[in-house]
Amino acid sequence: MKRVILCCSLFCLAPLFSGVLSAQVMQTTNYTTLLSHARALTAGATASDISHHLHYDVKYRDGQGHEVTATYDIYRDRLRYTRVDIAAPSYSYRHIKDLLNKREWKHSVGEMPLKVYDLRDVLIEPKPEIYVFTQFPLAASVHQQMIDGSPFSCADDNSGIRICFDPLIRSFAFAQVLNQTVTYDDWQRIGTHAVPGRIRLYDDKKLLVEATGKVEPVKQFPPLFFVPNNGVPDNGVPGNEPRDDDASRRLVHFKPLEKEMIYGNVQMQISVDDKGKVTRTKILDADNKTVKPIASKFAHSLRFDTKSANNRPASFTSVFYLHYFPEE
(Lines give C-alpha, C1' and ligand atoms only; values in the text may rest on other atoms or scores of the structure.)
Protein backbone atom coordinates (compact mmCIF):
# COMPACT_ATOMS: atom_id res chain seq x y z
CA MET A 1 0.00 0.00 0.00
CA LYS A 2 1.45 3.32 -1.03
CA ARG A 3 1.41 6.33 1.26
CA VAL A 4 0.85 9.74 -0.30
CA ILE A 5 1.24 13.01 1.58
CA LEU A 6 -0.50 16.05 0.15
CA CYS A 7 0.11 19.49 1.65
CA CYS A 8 -2.62 21.93 0.67
CA SER A 9 -2.57 25.63 1.49
CA LEU A 10 -5.40 27.93 2.51
CA PHE A 11 -5.69 31.26 4.29
CA CYS A 12 -8.43 31.80 6.82
CA LEU A 13 -9.17 33.41 10.19
CA ALA A 14 -10.20 32.19 13.62
CA PRO A 15 -10.41 33.37 17.25
CA LEU A 16 -7.25 33.39 19.35
CA PHE A 17 -6.51 30.77 21.98
CA SER A 18 -6.46 31.59 25.67
CA GLY A 19 -4.50 29.27 27.94
CA VAL A 20 -3.37 29.28 31.55
CA LEU A 21 0.39 29.74 31.66
CA SER A 22 2.78 31.70 33.89
CA ALA A 23 5.68 33.86 32.73
CA GLN A 24 7.73 36.99 33.38
CA VAL A 25 8.24 39.94 31.06
CA MET A 26 11.01 39.54 28.49
CA GLN A 27 12.39 42.47 26.52
CA THR A 28 12.72 41.53 22.85
CA THR A 29 13.41 43.28 19.57
CA ASN A 30 11.76 41.20 16.87
CA TYR A 31 10.53 37.77 15.91
CA THR A 32 13.85 36.70 14.38
CA THR A 33 15.63 37.43 17.66
CA LEU A 34 13.03 35.51 19.66
CA LEU A 35 13.26 32.49 17.35
CA SER A 36 17.06 32.55 17.35
CA HIS A 37 17.17 32.57 21.16
CA ALA A 38 14.72 29.66 21.32
CA ARG A 39 16.57 27.57 18.77
CA ALA A 40 19.95 28.26 20.36
CA LEU A 41 18.58 26.90 23.62
CA THR A 42 16.98 23.78 22.15
CA ALA A 43 19.05 20.61 22.18
CA GLY A 44 20.05 18.95 18.92
CA ALA A 45 21.12 21.85 16.75
CA THR A 46 24.56 23.09 17.78
CA ALA A 47 28.11 21.81 18.21
CA SER A 48 27.92 22.42 21.96
CA ASP A 49 25.31 19.68 22.36
CA ILE A 50 26.16 16.61 24.36
CA SER A 51 25.11 13.16 23.18
CA HIS A 52 21.69 12.33 24.58
CA HIS A 53 18.51 10.26 24.42
CA LEU A 54 15.11 11.95 24.47
CA HIS A 55 12.14 9.68 25.21
CA TYR A 56 8.46 10.63 24.97
CA ASP A 57 5.47 8.64 26.15
CA VAL A 58 2.63 9.61 23.82
CA LYS A 59 -1.12 9.44 24.50
CA TYR A 60 -3.93 10.08 22.02
CA ARG A 61 -7.25 8.76 20.75
CA ASP A 62 -7.38 7.01 17.40
CA GLY A 63 -10.01 7.43 14.67
CA GLN A 64 -12.38 5.10 16.55
CA GLY A 65 -12.04 7.05 19.79
CA HIS A 66 -9.90 4.45 21.56
CA GLU A 67 -7.19 5.67 23.91
CA VAL A 68 -3.78 4.71 22.54
CA THR A 69 -0.23 4.90 23.85
CA ALA A 70 2.95 5.12 21.80
CA THR A 71 6.62 5.95 22.25
CA TYR A 72 8.77 8.47 20.42
CA ASP A 73 12.55 8.25 20.92
CA ILE A 74 15.26 10.58 19.61
CA TYR A 75 18.94 9.69 19.90
CA ARG A 76 21.64 12.24 19.06
CA ASP A 77 25.36 11.56 18.94
CA ARG A 78 26.43 15.21 18.93
CA LEU A 79 26.50 16.35 15.28
CA ARG A 80 27.49 12.96 13.86
CA TYR A 81 24.37 10.80 13.95
CA THR A 82 20.69 10.96 14.78
CA ARG A 83 18.16 8.18 15.14
CA VAL A 84 14.39 8.38 15.59
CA ASP A 85 12.29 5.40 16.68
CA ILE A 86 8.50 5.52 16.82
CA ALA A 87 6.40 2.62 18.12
CA ALA A 88 2.59 2.59 18.10
CA PRO A 89 0.00 -0.17 17.72
CA SER A 90 0.31 -1.60 14.18
CA TYR A 91 3.00 0.95 13.32
CA SER A 92 6.76 1.24 13.72
CA TYR A 93 9.26 3.67 12.22
CA ARG A 94 13.01 4.12 12.25
CA HIS A 95 15.03 6.93 10.67
CA ILE A 96 18.82 7.01 10.90
CA LYS A 97 20.96 9.90 9.66
CA ASP A 98 24.71 9.87 9.14
CA LEU A 99 25.26 13.63 9.28
CA LEU A 100 28.95 13.53 8.42
CA ASN A 101 28.53 11.54 5.22
CA LYS A 102 25.06 12.92 4.47
CA ARG A 103 23.45 9.51 4.26
CA GLU A 104 20.16 8.37 5.72
CA TRP A 105 17.95 5.32 6.00
CA LYS A 106 14.23 4.98 6.74
CA HIS A 107 12.06 1.98 7.43
CA SER A 108 8.42 1.75 8.52
CA VAL A 109 5.80 -0.92 9.01
CA GLY A 110 2.07 -0.08 8.93
CA GLU A 111 0.46 3.32 8.57
CA MET A 112 1.48 6.26 10.76
CA PRO A 113 -1.38 7.22 13.11
CA LEU A 114 -2.67 10.71 12.38
CA LYS A 115 -1.94 11.97 15.89
CA VAL A 116 1.69 10.86 15.55
CA TYR A 117 1.75 12.70 12.22
CA ASP A 118 0.41 15.75 14.07
CA LEU A 119 3.00 15.41 16.82
CA ARG A 120 5.88 15.44 14.33
CA ASP A 121 4.66 18.88 13.20
CA VAL A 122 5.08 20.38 16.67
CA LEU A 123 7.77 18.24 18.29
CA ILE A 124 10.30 20.53 20.02
CA GLU A 125 9.12 23.59 18.05
CA PRO A 126 5.85 24.74 16.35
CA LYS A 127 6.74 24.09 12.70
CA PRO A 128 3.43 25.24 11.09
CA GLU A 129 3.55 28.66 12.73
CA ILE A 130 7.27 29.06 12.05
CA TYR A 131 6.61 28.20 8.41
CA VAL A 132 4.04 30.98 8.09
CA PHE A 133 6.28 33.62 9.64
CA THR A 134 9.23 32.43 7.54
CA GLN A 135 7.21 32.75 4.34
CA PHE A 136 5.69 36.08 5.40
CA PRO A 137 8.11 37.74 7.87
CA LEU A 138 6.30 41.08 7.76
CA ALA A 139 3.20 39.37 9.20
CA ALA A 140 4.95 38.75 12.55
CA SER A 141 4.31 41.74 14.79
CA VAL A 142 6.11 41.24 18.12
CA HIS A 143 4.74 42.71 21.31
CA GLN A 144 4.07 41.92 24.94
CA GLN A 145 0.73 40.25 25.65
CA MET A 146 -1.10 39.62 28.90
CA ILE A 147 -2.79 36.23 28.66
CA ASP A 148 -4.81 35.00 31.63
CA GLY A 149 -2.93 37.47 33.82
CA SER A 150 0.58 36.54 32.69
CA PRO A 151 2.88 38.42 30.28
CA PHE A 152 4.34 36.82 27.15
CA SER A 153 6.46 38.01 24.24
CA CYS A 154 4.49 37.03 21.16
CA ALA A 155 4.84 37.14 17.41
CA ASP A 156 1.27 37.66 16.23
CA ASP A 157 -0.16 38.29 12.75
CA ASN A 158 -3.49 39.38 14.33
CA SER A 159 -5.43 36.85 12.27
CA GLY A 160 -5.11 33.66 14.30
CA ILE A 161 -1.43 32.75 13.96
CA ARG A 162 1.02 33.46 16.77
CA ILE A 163 4.00 32.13 18.69
CA CYS A 164 4.54 33.10 22.31
CA PHE A 165 7.87 32.72 24.10
CA ASP A 166 8.57 31.97 27.74
CA PRO A 167 10.39 35.08 29.05
CA LEU A 168 12.15 33.15 31.80
CA ILE A 169 14.03 30.60 29.70
CA ARG A 170 13.54 32.43 26.38
CA SER A 171 12.01 29.47 24.59
CA PHE A 172 8.63 28.38 23.24
CA ALA A 173 5.65 28.56 25.59
CA PHE A 174 2.78 27.99 23.16
CA ALA A 175 1.77 28.60 19.58
CA GLN A 176 -1.50 28.83 17.71
CA VAL A 177 -2.64 28.41 14.16
CA LEU A 178 -6.36 29.17 13.96
CA ASN A 179 -8.22 26.55 16.01
CA GLN A 180 -5.13 24.44 16.81
CA THR A 181 -2.82 25.22 19.74
CA VAL A 182 0.35 23.58 21.04
CA THR A 183 1.84 24.16 24.49
CA TYR A 184 5.39 23.48 25.73
CA ASP A 185 6.32 23.23 29.38
CA ASP A 186 8.42 21.34 31.94
CA TRP A 187 11.60 22.22 30.03
CA GLN A 188 14.46 19.89 30.98
CA ARG A 189 18.17 20.71 30.87
CA ILE A 190 20.67 18.63 28.93
CA GLY A 191 24.12 20.20 29.13
CA THR A 192 23.74 23.87 28.18
CA HIS A 193 20.53 23.17 26.25
CA ALA A 194 16.98 22.08 27.03
CA VAL A 195 14.00 20.14 25.66
CA PRO A 196 10.29 20.38 26.50
CA GLY A 197 9.27 17.70 28.96
CA ARG A 198 5.62 17.98 28.02
CA ILE A 199 3.95 18.86 24.72
CA ARG A 200 0.18 19.13 24.30
CA LEU A 201 -1.69 19.70 21.06
CA TYR A 202 -5.29 20.92 21.10
CA ASP A 203 -8.08 21.42 18.59
CA ASP A 204 -9.90 24.26 20.36
CA LYS A 205 -10.31 22.76 23.86
CA LYS A 206 -10.06 19.12 22.72
CA LEU A 207 -6.72 17.47 23.54
CA LEU A 208 -5.48 15.72 20.40
CA VAL A 209 -2.17 14.32 21.63
CA GLU A 210 0.07 14.63 24.69
CA ALA A 211 3.75 13.71 24.85
CA THR A 212 5.49 13.48 28.22
CA GLY A 213 9.24 13.13 28.03
CA LYS A 214 12.56 12.85 29.77
CA VAL A 215 16.09 13.41 28.51
CA GLU A 216 19.34 11.84 29.63
CA PRO A 217 22.98 12.18 28.57
CA VAL A 218 24.64 9.25 26.81
CA LYS A 219 28.40 8.84 27.21
CA GLN A 220 28.69 6.23 24.47
CA PHE A 221 26.13 4.57 22.25
CA PRO A 222 26.38 0.81 21.60
CA PRO A 223 28.38 -0.29 18.54
CA LEU A 224 26.40 -0.16 15.28
CA PHE A 225 23.59 1.71 17.02
CA PHE A 226 23.41 4.15 14.11
CA VAL A 227 23.73 1.48 11.41
CA PRO A 228 20.58 -0.05 9.88
CA ASN A 229 20.01 -3.78 10.02
CA ASN A 230 21.21 -4.35 6.46
CA GLY A 231 24.35 -2.34 7.12
CA VAL A 232 23.82 0.17 4.32
CA PRO A 233 21.62 3.29 4.47
CA ASP A 234 18.89 3.50 1.85
CA ASN A 235 20.26 6.50 -0.03
CA GLY A 236 20.42 5.25 -3.59
CA VAL A 237 23.05 2.56 -3.01
CA PRO A 238 22.44 -0.36 -5.44
CA GLY A 239 20.40 -3.07 -3.81
CA ASN A 240 18.50 -0.66 -1.58
CA GLU A 241 16.12 0.90 -4.10
CA PRO A 242 12.43 1.17 -3.13
CA ARG A 243 10.44 -1.90 -4.11
CA ASP A 244 7.04 -0.23 -4.10
CA ASP A 245 5.25 -1.12 -7.35
CA ASP A 246 3.31 2.14 -6.99
CA ALA A 247 6.47 4.25 -6.89
CA SER A 248 5.97 5.62 -10.40
CA ARG A 249 2.31 6.54 -9.86
CA ARG A 250 1.95 10.25 -9.42
CA LEU A 251 -0.74 12.82 -8.83
CA VAL A 252 -1.48 14.67 -12.08
CA HIS A 253 -4.59 16.73 -11.26
CA PHE A 254 -6.72 17.99 -8.36
CA LYS A 255 -9.30 20.70 -7.76
CA PRO A 256 -8.72 23.54 -5.26
CA LEU A 257 -9.84 22.89 -1.71
CA GLU A 258 -12.83 24.64 -0.22
CA LYS A 259 -11.84 27.44 2.13
CA GLU A 260 -12.93 27.22 5.75
CA MET A 261 -11.84 29.01 8.94
CA ILE A 262 -10.19 25.88 10.38
CA TYR A 263 -6.90 24.03 10.59
CA GLY A 264 -6.41 20.29 10.80
CA ASN A 265 -4.96 17.19 9.22
CA VAL A 266 -6.84 14.22 7.77
CA GLN A 267 -5.77 10.62 7.18
CA MET A 268 -7.65 8.97 4.31
CA GLN A 269 -7.69 5.74 2.37
CA ILE A 270 -8.50 5.95 -1.33
CA SER A 271 -9.11 3.39 -4.05
CA VAL A 272 -8.03 4.33 -7.58
CA ASP A 273 -9.05 2.55 -10.78
CA ASP A 274 -6.74 1.82 -13.71
CA LYS A 275 -7.78 5.10 -15.37
CA GLY A 276 -6.49 7.10 -12.40
CA LYS A 277 -9.89 8.07 -10.99
CA VAL A 278 -10.65 7.84 -7.27
CA THR A 279 -13.57 5.44 -6.87
CA ARG A 280 -13.76 5.15 -3.09
CA THR A 281 -12.65 7.19 -0.08
CA LYS A 282 -12.59 6.40 3.62
CA ILE A 283 -11.72 8.81 6.43
CA LEU A 284 -9.43 6.97 8.84
CA ASP A 285 -8.95 9.88 11.23
CA ALA A 286 -9.30 13.66 11.31
CA ASP A 287 -8.23 16.42 13.69
CA ASN A 288 -11.40 18.42 13.09
CA LYS A 289 -14.86 17.18 12.04
CA THR A 290 -15.40 20.14 9.73
CA VAL A 291 -12.46 19.05 7.58
CA LYS A 292 -13.90 15.59 6.87
CA PRO A 293 -16.38 16.45 4.07
CA ILE A 294 -13.88 18.89 2.55
CA ALA A 295 -11.20 16.20 2.51
CA SER A 296 -13.54 13.61 1.03
CA LYS A 297 -14.67 15.94 -1.76
CA PHE A 298 -11.07 16.90 -2.47
CA ALA A 299 -9.97 13.26 -2.63
CA HIS A 300 -12.60 12.49 -5.30
CA SER A 301 -11.08 15.23 -7.47
CA LEU A 302 -7.65 13.59 -7.52
CA ARG A 303 -6.38 12.07 -10.75
CA PHE A 304 -3.33 9.82 -10.92
CA ASP A 305 -1.01 8.47 -13.55
CA THR A 306 -1.58 4.77 -12.79
CA LYS A 307 1.35 3.32 -14.70
CA SER A 308 3.18 1.06 -12.29
CA ALA A 309 6.75 -0.19 -12.40
CA ASN A 310 5.95 -2.45 -15.38
CA ASN A 311 4.57 0.60 -17.25
CA ARG A 312 1.04 -0.80 -17.37
CA PRO A 313 -2.03 0.95 -15.90
CA ALA A 314 -3.22 -0.73 -12.72
CA SER A 315 -5.68 0.07 -9.96
CA PHE A 316 -4.34 0.57 -6.43
CA THR A 317 -5.26 1.46 -2.86
CA SER A 318 -3.40 4.20 -1.03
CA VAL A 319 -3.33 6.10 2.26
CA PHE A 320 -2.60 9.81 2.24
CA TYR A 321 -2.42 12.61 4.79
CA LEU A 322 -4.15 15.85 3.85
CA HIS A 323 -2.38 18.82 5.45
CA TYR A 324 -5.11 21.48 5.63
CA PHE A 325 -2.76 24.37 6.10
CA PRO A 326 -3.51 28.11 6.21
CA GLU A 327 -1.23 30.37 4.23
CA GLU A 328 -1.36 34.10 3.72
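**Close-up 1. Strand 3 meets strand 4.** In this predicted model, strand 3 (residues 67-77) and strand 4 run antiparallel, and 7 bridges join them. To spot the pairing, find Tyr 72, which sits opposite Ile 86 in strand 4. Now follow the chain round the hairpin that links strand 3 and strand 4: there are 3 residues between the strands. Look for Arg 78 here, with its positive phi near 50 degrees.

**Close-up 2. Strand 4 also pairs with strand 5.** Strand 5 covers residues 91-98, and 8 bridges tie it to strand 4, again in the antiparallel sense. A handy pair to look for is Ala 87 and Ser 92: Ala 87 stands opposite Ser 92 in strand 5. This hairpin has 2 residues between strand 4 and strand 5. Check out Ser 90 in the turn, where phi is positive, at about 65 degrees.

**Close-up 3. Strand 4, buried or exposed?** Strand 4 spans residues 81-88, and 6 of its 8 residues are buried, so the rest of the structure largely encloses this strand. While you're looking at strands, here's a handy rule: in a regular strand, side chains alternate between the two faces of the sheet.

**Close-up 4. Helix 2 is mostly covered.** Over in helix 2 (residues 114-122), 8 of the 9 residues are buried. Go along the helix and you'll meet the buried ones: Leu 114, Lys 115, Val 116, Tyr 117, Asp 118, Leu 119, Asp 121 and Val 122. Keep going just past the end of helix 2 and you reach Ile 124, which has a positive phi of about 75 degrees.

How values were computed
Residues numbered from 1 in each chain as written. Predicted model: local features only at pLDDT ≥ 70, side-chain atom pairs only at ≥ 80, totals over all residues. Heavy atoms only, no water. Buried < 20%, exposed > 50% of the residue type's maximum accessible area, 1.4 Å probe, protein only. Helix = DSSP H or I, 4+ residues; strand = E, 2+ residues; numbered from the N terminus. Pairing = 2+ DSSP bridges.
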